Amino acid sequence: MRRGTRLRIRWILALIIAVMLIPLIGSMYSCSSIPVIKSPCQSVHKEKTLVKLCLGEGCSPDGVCRSVHRWQTAGWGGNVTIVTDQQKIFGCGNTIALPASPQNGHLWCDKLASLIHLPGDLLYSDTDLVPSQCISRLTPPSPHALCLYRDTFCLSCNTFNAGLIWVPSDSSARSMLASWYSLCLAHPSHDDQDTLDILLDTHPHAARDIRPLPREVRYMSSVLWAAVPGTVLQHYTHSVRTRCGLLP
């Protein structure tokens, strides 16, 4: 077969594949692809506290409460605490003022400061990270360590994604959280995931007190929401939230 003929066949095959992929790609960005949680879900984590932050002028009580209600629909049975620096009314949880910090206004440090000051076993979740099904399988692998999902694999990615953090009341885990916060204060130009990488490289007990969440309880970026069944947690990007009216 001549080289020109082979090239034409390859182009035709590539065109056919592209045409077949267009509906799939479109469904990934379709609001109708947002999974509906099949209620009722088993009520779990009744002795723990879900923590949400709502900081700055862009703080949206409606958006935070939508996120909280989705967690509750998925089975969250514990308390809910919202940390805020705004004089706004939230109808979906206990509200506490942002703790004073040398770096107030620095989102990453404010998040860690809030977790340090809250007692008990905590689950911190970004507002745009919500369950896509019942959360009965979402449990920390260790009651003595900070537990996070590993970050997406890429050359510039971090070790862990700090959008969801299990924080137990265990003293070793709390000490590790305090060390992470200290690094945040010392490196104000770094975000929380960058300073966590520094902590992993320098703290002698980091491997013991910081653990990855199991991959079988999946966390996915919104680009792949329709392509990966069984995903327990879903991150919705700003453009998707705006278009679908899901979150702020």
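Me: What is the relative accessibility of R66, and does that make R66 buried or partly exposed?
Reply: This is a predicted model, and the numbers here are computed from it. Buried would need a relative accessible area under 20%, and exposed would need over 50%. R66 falls in between, so it counts as partly exposed, at 36%.

Me: Which residue does R66 meet in a salt bridge?
Reply: Look in helix 2, residues 61–73, where the two partners are four residues apart and so separated by about one helical turn. The partner is partly exposed, with a relative accessible area of 46%. The N to O distance is 2.9 Å, and the residue that R66 meets is D62.

Me: How many salt bridges does a search of the whole structure find?
Reply: One of them joins D62 and R66. Another links R208 with D209, where the closest N and O atoms are 2.9 Å apart. D192 also forms one, with K111. For the whole structure the search finds three.

Me: Which parts of the chain does the D192 and K111 pair tie together?
Reply: The closest N and O atoms of D192 and K111 are 2.6 Å apart. Both residues are buried. In sequence the parts are 81 residues apart, so the pair ties together helix 5 (residues 192–202), where D192 lies, and helix 3 (residues 107–117), home of K111.

Me: In the salt bridge of R208 with D209, which residue counts as buried?
Reply: The cut-off for buried is under 20% relative accessible area. R208 has 43%, so R208 is partly exposed. With just 3% relative accessibility, the buried one is D209.

Me: Which way do the side chains of strand 4 point, and are they buried or exposed?
Reply: In a regular strand the side chains alternate between the two faces of the sheet. Strand 4 covers residues 122–125, with L122 and Y124 pointing one way and L123 and S125 the other way. As for cover, all of these are buried.

Me: Which residue in strand 7 is the bridge partner of Y124?
Reply: Strand 4 has pairings with two strands to look at here. With strand 1 (residues 49–54) it pairs in the parallel sense over three bridges, and there Y124 is the bridge partner of V51. With strand 7 (residues 160–167) the sense is antiparallel, over four bridges. In strand 7, the partner of Y124 is I165.

Me: How far apart are V68 and V80, C-alpha to C-alpha?
Reply: V68 sits in helix 2 and counts as buried, because its relative accessibility is 0%. Not counting residues up to four places away in sequence, V68 touches K52, V80 and C92. V68 and V80 are 12 residues apart in sequence, and their C-alpha distance is 7.8 Å.

Me: Which residues is L183 in contact with, leaving aside its neighbours within four places in sequence?
Reply: L183 is part of helix 4, residues 171–186, and is buried, with a relative accessible area of 17%. The C-alpha atoms of L183 and T195 are separated by 6.0 Å, with their positions 12 residues apart along the chain. The contacts of L183 are T195, I198 and L199.

Me: Which residue has a positive phi although it is not a glycine?
Reply: Check the loop between helix 1 and strand 1. The residue there counts as buried, because its relative accessibility is 11%. Its phi is about 60 degrees, and its name is H45.

Me: Which residues make a nonpolar surface patch, and what is its area?
Reply: One member, I12, lies in helix 1, residues 3–28. The patch is made by I9, I12, L13 and I16, and its area is about 360 Å².

Me: What percentage of the residues score a pLDDT of at least 70?
Reply: The average pLDDT of the protein chain is 83, and the share of residues that score at least 70 is 76%. Over residues 22–28, though, the pLDDT is below 50, and beyond near neighbours in sequence this stretch has nine contacts in the model. So the percentage asked for, with that stretch kept in mind, is 76%.

Me: What percentage of the 248 residues in the protein chain is buried?
Reply: The secondary structure comes to seven helices and 10 strands. The chain exposes about 12,900 Å², with carbon and sulfur atoms supplying 58% of it. Of the 248 residues, the buried ones make up 43%.

Definitions and conventions. Residues are numbered from 1 along each chain as its sequence is written. This is a predicted model: local features need pLDDT of at least 70, side-chain atom pairs count only at pLDDT 80 or more; totals for chains, interfaces and linings use all residues. Side-chain values use heavy atoms; hydrogens and water are left out. Buried means under 20% relative accessible area, exposed over 50%, partly exposed in between (1.4 Å probe, protein chains only). Two strands pair if DSSP finds at least two bridges between them. Accessible areas come from the Shrake-Rupley method with a 1.4 Å probe; for residues, only the protein chains shown count as cover. Patches are made of residues with over 30% relative accessible area and no salt bridge: like charges are joined within 9 Å, nonpolar side chains (Val, Leu, Ile, Met, Phe, Trp, Tyr) within 5 Å. A salt bridge is a side-chain nitrogen of Lys or Arg within 4 Å of a carboxyl oxygen of Asp or Glu. pLDDT is the predictor's confidence in each residue, from 0 to 100. Contact means heavy atoms within 4.5 Å.
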